[in-house]
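Please walk through this structure, covering how its helices pack, where its aromatic rings meet, and where its backbone departs from the usual.

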Amino acid sequence: MSGDITAHPPGSLVERSACDILKAFADGTLTPSDYLSACLEQISRLNGAINALTAFDTERAIIEAGQSSERWRQGAPKGPLDGLPIGVKDLQDTEGLLTTYGSPKMRSFVPAKDAPMVARLRAAGAIVLAKTNVPELGAGGNSRNPVWGVTGNPFDPRLIAGGSSGGSAAALAADLVPLCTGSDTGGSQRLPAALCGIVGYRPSVDVVAHPTRPLGWSGISVIGPLARNMDDLVLMLRTVQGYDPRDPLSAPGPASRFDTLPELTLADLRIGVSEDFGGAPVDPAIRSTFLKRVETLAPHVKSCRPVDLDLGDMDRTFDILRAESFVAAYGKAVREAPEDFAEHVRGNVEMGFDMTLEDRAWAHLEQTRILRNFHERMEDVDIVVLPTVPVSPFPWAELYPQAIDGRKMDTYYRWLALTYRGSLAGGPSITIPAGRDPQGLPFGLQILGRLHGDERLLAAAGAIEAHFAKSPETERPRPDPVRLAGSRLDLRAMVTHPPVGAHSGRRSQAPIETAV
């Protein structure tokens, strides 16, 4: 049977998983062209309410969907993602498609080639449909910038979607596209995923090659997939994982690395529990929600016990390593034209200018101690669970929460301690949807794994996801598309530097990607 969009109402189509859509392509009950049409209709209805997708490559996508439809008809798909439209984070270059980094300086930049991860996705048959919104230059957990405006949360557009992969997370939650790319330094994939009710994964540094990492020998910045469920995330991971000689931290390995994950049940798992990652501030309501989720897991696992994650001076270490990466990426440009950068971006660079070689040496030594301390904590457990975000989503008009549980935030990214401390520990981490918080907004459970133990972490997350799916209290929440379509907020109101256009503009050197 040929694809017929009248047999698949657009709403029902876009809610289906990427894995299900690919099965429909294979059995001939749906074509990539019809599926793209459904996604475009959903985008037309809802993207204006949340401003998740920015520059579009619609004409090219329609042509590529038609070509994919013919390949599927002939039984010869190009690759494992053939015909799936995707969103690409606006910190990652896309050939021929506007890539702004949310920066006025780059508002007309059209790359001549794809970022390596994007190239792998295209080679697998994915269709790059649009870019996803970010904070300016990826700085912070609130996806707003003077080029594209604000990304609102699909559950309430007045609230933050998180960042820096906020556009990707919001687009997935609203069923605009089935898969999106992301990047993570201090929580840029996990934070927005938790706030929007999807899955966000920070891989170990060797898993997904990152040749555009600001400092090639520093593993603080990684890239990877975002999806609505674990099966879709692993599907995308199989395509983007792999070695690149331009990234000294990536490692050669089998292309089949994630084809089969370990068989794990909840009964196999020894779970460590941390309410606050070594004393980071957490809102009491979020802490209570987290403990309830632990209570639902504890009777079903092999063991469940507290783990002390006070691993060292994690905040100062992150401050220095983050400032170092900002100096590497933007130091020269900030010195030459500071007016081109937002105040908080300049602040990060200037912090780096004020640091000494002694500071840098201390931070790298301390991170090594943190990593080794984390390894010791993981000897008696398979995973550690903790909250992903310390607060419920707040209004995007606030750059960040000023205080959490009575503790004042001394910088705009300190509220991200639950995620950036995990970045320092070196192991992989993931957040999965775990119902709603007391405000009725998405709650994400963060899971930490052992260094280079990505396969086992993903298998454990899949087992927990399946358990949570059995209960309305813990299943993945979904936004109300009718309510969302009725939103009248103007999320592009803060735009002060509109882009020139999606396919025209200067071709020049892009900035080096960093995030949060």
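**Rings, helix contacts and backbone**

The charged end of R335 sits over the ring of F353, at 3.8 Å from the ring centre. The model is a predicted one, and a second arginine is placed in a similar way: R316 lies over the face of W362, 4.2 Å from the centre of the ring.

Rings also pair with one another, and the structure holds nine aromatic pairs. In one of them, F318 and Y420, the ring centres are 4.2 Å apart and the planes meet at 5°, so the pair counts as stacked. F318 belongs to helix α10 (residues 314-336) and Y420 to helix α13, so this pair ties together parts that are 102 residues apart in sequence. F318 has 0% relative accessibility and therefore counts as buried. Y420, also at 0%, is buried as well.

Another pair involving helix α10 is that of Y330 and F341. Its ring centres lie 6.3 Å apart with the planes at 50°, so the pair is tilted. Y330 is in α10, while F341 is in the loop between α10 and α11 (343-353), so the parts tied together here are eleven residues apart in sequence. Both Y330 and F341 are buried.

F318 and Y420 also belong to a wider group: together with Y412 and Y413 they form one aromatic cluster.

Helix α13, which carries Y420, also packs against another helix. Helix α12 (residues 357-377) and helix α13 (residues 417-425) meet at an angle of about 90°, and their axes are 8 Å apart. Angles from 65 to 115 degrees count as roughly perpendicular, which means that α12 is roughly perpendicular to α13. On the α12 side the contact is made by Q367, I370, L371 and F374, and on the α13 side by S423, L424 and A425. By class, the residues of this contact are five nonpolar and two polar, with no charged residue.

A second helix contact involves helix α2 (residues 18-27) and helix α8 (residues 230-240). Their axes come within 8 Å and cross at roughly 70°, which makes α2 roughly perpendicular to α8. A18, C19 and L22 of α2 make the contact with D231, D232 and L235 of α8. The contact of α2 with α8 has four nonpolar residues, two charged residues and no polar ones.

The backbone comes next. Most residues other than glycine have a negative phi, and most peptide bonds are trans. Which peptide bond is cis, with omega near 10°? The bond in question runs from G163 to S164. S164 lies in the loop between β7 (156-160) and α6 (166-173).

D175 is not a glycine, yet its phi is positive, at about 60°. This residue is placed in the loop between α6 and β8 (179-184). With a relative accessibility of 8%, D175 counts as buried.

H452 has a positive phi too, near 65°, and is likewise a residue other than glycine. It is found in the loop between β17 (442-448) and α14 (454-468). Is H452 buried, exposed or partly exposed? Its relative accessible area is 43%, so H452 is partly exposed; the buried class ends under 20% and the exposed class begins over 50%.

Two further positions involve strand β9 or the loop that follows. G200 lies in strand β9 and, at 0% relative accessibility, counts as buried. Leaving out residues up to four places away in sequence, G200 touches Q189, R190, A193, L226, S429, I430 and T431. From G200 to G187 the separation is 13 residues in sequence and 9.3 Å in space, C-alpha to C-alpha.

S218 is in the loop between β9 (199-202) and β10 (222-227). Its relative accessibility is 14%, so S218 counts as buried. Which residues does S218 contact, leaving aside neighbours within four places in sequence? The contacts of S218 are with R213 and L249.

Note on methods:
Residues are numbered from 1 along each chain as its sequence is written. This is a predicted model: local features need pLDDT of at least 70, side-chain atom pairs count only at pLDDT 80 or more; totals for chains, interfaces and linings use all residues. Side-chain values use heavy atoms; hydrogens and water are left out. Axes are lines fitted to C-alpha atoms, for helices over the stretch in contact, and angles run from 0 to 180 degrees between N-to-C directions. Helices (H or I, at least four residues) and strands (E, at least two) are DSSP runs, numbered from the N terminus. Angles under 35 degrees count as roughly parallel, over 145 as roughly antiparallel, 65 to 115 as roughly perpendicular and the rest as oblique. Contact means heavy atoms within 4.5 Å. Ala, Val, Leu, Ile, Met, Phe, Trp, Tyr, Cys and Pro count as nonpolar, Asp, Glu, Lys and Arg as charged, and the others, Gly among them, as polar. Rings of Phe, Tyr and Trp (its six-membered ring) pair if their centres lie within 6.5 Å; planes under 30 degrees apart count as stacked, over 60 as edge-to-face and the rest as tilted. Buried means under 20% relative accessible area, exposed over 50%, partly exposed in between (1.4 Å probe, protein chains only). A charge sits over a ring if NZ of Lys or CZ of Arg is within 6 Å of the ring centre and within 35 degrees of the ring normal.
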